[in-house]
Amino acid sequence: MSESENKTEEQLQMLLENYLKNKQALTQDTLLAVTAMTNDPLSISADVHQQEYRNIMEKEPRRIREDPVAYMLNIGLYYQGKGWRGYRSYIGSKILYPGFSDGIKKDILSSRKVHDVIDVLARKQSDLLNANRKPSKKFSLLSKEEQEKRIQRQYNALYHDLEMVAKTIVDKCIANMNSVRIFRGLVFLVHVGLARLYHQGVHIKESEWIELKRVALIAQEKKQSLILLPSHKSHVDYLVICYVMLRLGIQAPHIVAGNNLDMPFVGGLLKRCGAFFIRREWGDDVLYKTVLEEYIAVLLSRGMNIECFVEGTRSRLGKLLAPKLGILKLILDAFLNSRFSDCYIVPISLGYDKVIETSSYAHELLGNPKEKESIWNLLSSSRLLQLKWGRIDIRVAKPYSLREWFEKQMKRRGIMDLSNPQEKSVLLKSLGYRILADINAITVVMPSALVGTVILTLRGRGVGKSELIRRVDWLAKVITNKGGNVAEAHGMSTSQIVERALSIHSDLVGERKGKDILEPTFYGISSFQLSYYRNQVIHMFVEEAIACVSLYTIVKMGGGREHQRMHYNDLLSEVSFLSSLLKLDMIYKPGGIESNTKRTIEWLAANNVLNLTEDGWVELSEVERACGRENYDFLCFMIWPFIESYWLAAVSLFSLVPSHPTSPGESIWVENKLFASKAQALGKTLYYQGDLSYLEAVNKETMGQALTRYQEMGIILKRQSVNSKSTFEVGLSPDYLPDRVEGVIAPRGHLWEAIERIGRFRREGKNRRDNATVSTRVIRLADMLAQDNAISRQSKVSLKKDTQEISKL
């Protein structure tokens, strides 16, 4: 065994011994305290469990006015780099020294791969210039040797220009981690912001970080990287990960960030914390793509940790988004090309009592323009530092080797041709969804999510305080029993937890009280914003919710008990349809639809929500009927807003039906963004007229996923816009174009059948049982949009013709 291997073994042993020693000391202290108070050593178990969780900011001064001396001493410790603040003995390859980033730049720009691409591009451009050069008498008089020299000089100039372009890309893109002192100073500012805003600290689970340190030590020995893959709820995510890495002594990662954050001054600071900025779209820019590929490969070959958000962007809905696989593809490609031996995948979940951007998310989702990030936006948010928004919980899944995962996939799937983009895409999606499943498995359900979920899943205008506490307590227990994670209470009662969540969200949850009200009653002020927190729970109940709304297609028809049941095979068919419809929005547990449905019905039966008879009928249980369907309704309420979005997206497709088709099967073609905007206008109108139950159903994220799903199903088609190569148009597939009878869209055909099928799962409401209502009022509104779309389309075509005529003149 080498000297370095011995050192690693010693570090691992020391890590384990310190953890066990601290845990034993805490256990003994707790045992003495509990025994003294209760004279019952058996009651220690809950207290020992709590010692597993730690607030890493607990002893840190938050505000100067609370303890001026301690606050100033803390500043001095950061400045002098004392203890962990010095960031000198972290686990991982060395970073933050003069010339560190310059060395990486040099490796990228001297790469054979980058120079090969520059050579190809320079020759293409040179050949194109030569082919388009007008015949010149002077050039033709030159000897062949002189002509070749001139062409070579032209190539050399182009090559040099492209080298400068590559250097500009590198300078603009890569992180600038050359100074540990600057890094410490920036982390101190992050600490100040986090300590003031999230006044109850940053909470971790000790054993998870001990395991991460153990893996990091092994990776350090082998010069391998950790790929940190957090959920993405807020811009604060970047700062939290950076702070925790310094606080716990692990190499700070290079962080993949969108170039929208590369703002004046702020962009430079973020680069010094490890951020590197990439474009959202690379298009056909081969040189940019190659430089980025080489940067990732160099980082991995040097054992640098990388942090990227597998969702690609912040989740405006609260739940995890479908994976964006761009960076994962670069990592997998570098691995397949043997640029590095292995790395470790580390899924991470971040949970907040309150997310800073919630109100702006709701604003964007309703179709309003996104505010561009700027230094002014950040500075104007300084008032947020005066607020107290609870705590942050960060959890880490068990890291695993990319190589081991890849070998298992090859063994399970058999021989794969990874030079085939489609087969590689299957592998990438498998990795992406595995990471999302791992994040869901460790996600902590915060008190805000518990309270928000209960308020939005009860019938009526509000809920009394005692009922709210009872349902929150029930929900927390159910999540725990299902293997989920609820934020550690640290000895607080459910009543105290609810009080804390309500105080943090006083802008979202209102309270009615007074002499003429028997008990305080709470209601949602902004159900749209509150739904963000409810959606953080949906992954725990998605299969159960789909099963319940599938049965609801019969239950809502009313009648006696014998009329409110469904045979298991019919239920399986409904579950299969709805699961397939929502598959872009929901993350299901591993397994096929039959095994998952069987497990789901068994759980619902064991928890007295449904009953499965011996002859295969599924119905509401007697217990559920006796309690007023409260748990059954809870599960339906979880999924109904998403069903409403998909129904609305389908109804909006009637706006693509031409008023006077010039040829059979012809659709109106509308630019994608314009169509989405008008579909949202239709949704808002239906909501305010009572034909849509949830305003959140109008959100553009879910509707966008619904339209993507309808494209996959062959209901709509996409093509490049006639006005711009960068935009697309949507139109109805000929098979789904409905007929018109006397100029009015007829409620029949494949599109109408699809809408009726989806509509069966919708929540009962105003005129909801009467399909004639949909076939008149709703189709009438969609037809108004169709006429508007036709006029807009005709105007654009006329404008394009006029432009072409003018250009000819």
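How many helices and strands does the secondary structure of the protein come to?

1. The model is predicted. Its secondary structure consists of 30 helices and 22 strands. Of the 809 residues in the protein, 51% are buried. The accessible surface is about 38,400 Å², and carbon and sulfur atoms hold 54% of that area.

2. On contacts along the chain: among those with a separation of 6 or more, 77% are between residues 24 or more positions apart.

3. One open sheet has three strands in the order β15-β17-β16, with antiparallel pairing. Strands β15 (565–567) and β16 (610–612) are at the edges; each has a single partner strand, so one side of each lacks a neighbour in the sheet. From one strand to the next, the twist averages 20°.

4. Within this sheet, three bridges connect β16 to β17 (residues 617–620) in the antiparallel sense. Leucine 610 has leucine 620 of β17 as its bridge partner. Helix α22 (residues 542–555) packs on the sheet and touches β15, β16 and β17. The direction of α22 makes about 115° with that of β15.

5. Strand β2 (residues 202–205) pairs with β1 and with β8, in opposite senses. Strand β1 (residues 53–55) runs antiparallel to β2 and is joined to β2 by three bridges; here asparagine 55 is matched with histidine 203 of β2 as bridge partner. The pairing of β2 with β8 (residues 392–396) is parallel, again over three bridges. In that pair, isoleucine 394 of β8 is the bridge partner of isoleucine 204.

6. Helix α3 (residues 68–80) contains 13 residues. From first C-alpha to last, α3 reaches 18 Å, which is close to the 18 Å expected at 1.5 Å a residue. Which residues of α3 are buried? They are Tyr71, Asn74 and Tyr78. Viewed down the axis of α3, the buried residues lie within an arc of 60°, and therefore line one face of the helix.

7. The other side of α3 carries Val69, Leu73 and Tyr79, which are exposed. A tyrosine thus appears in each set: Tyr78 is buried, whereas Tyr79 is exposed. Cover for the buried residues of α3 includes α8 (180–197) and α10 (236–248). After α3 comes glycine 81, with a positive phi near 70°.

Note on methods:
Residues numbered from 1 in each chain as written. Predicted model: local features only at pLDDT ≥ 70, side-chain atom pairs only at ≥ 80, totals over all residues. Heavy atoms only, no water. Helix = DSSP H or I, 4+ residues; strand = E, 2+ residues; numbered from the N terminus. Buried < 20%, exposed > 50% of the residue type's maximum accessible area, 1.4 Å probe, protein only. Contact = heavy atoms within 4.5 Å. Areas by Shrake-Rupley, 256 points an atom, 1.4 Å probe, with all protein chains shown as cover. Pairing = 2+ DSSP bridges. Axes fitted to C-alpha atoms, helices over the stretch in contact; angles between N-to-C directions. Expected span 1.5 Å × (residues − 1). Arc of directions from axis to C-beta.
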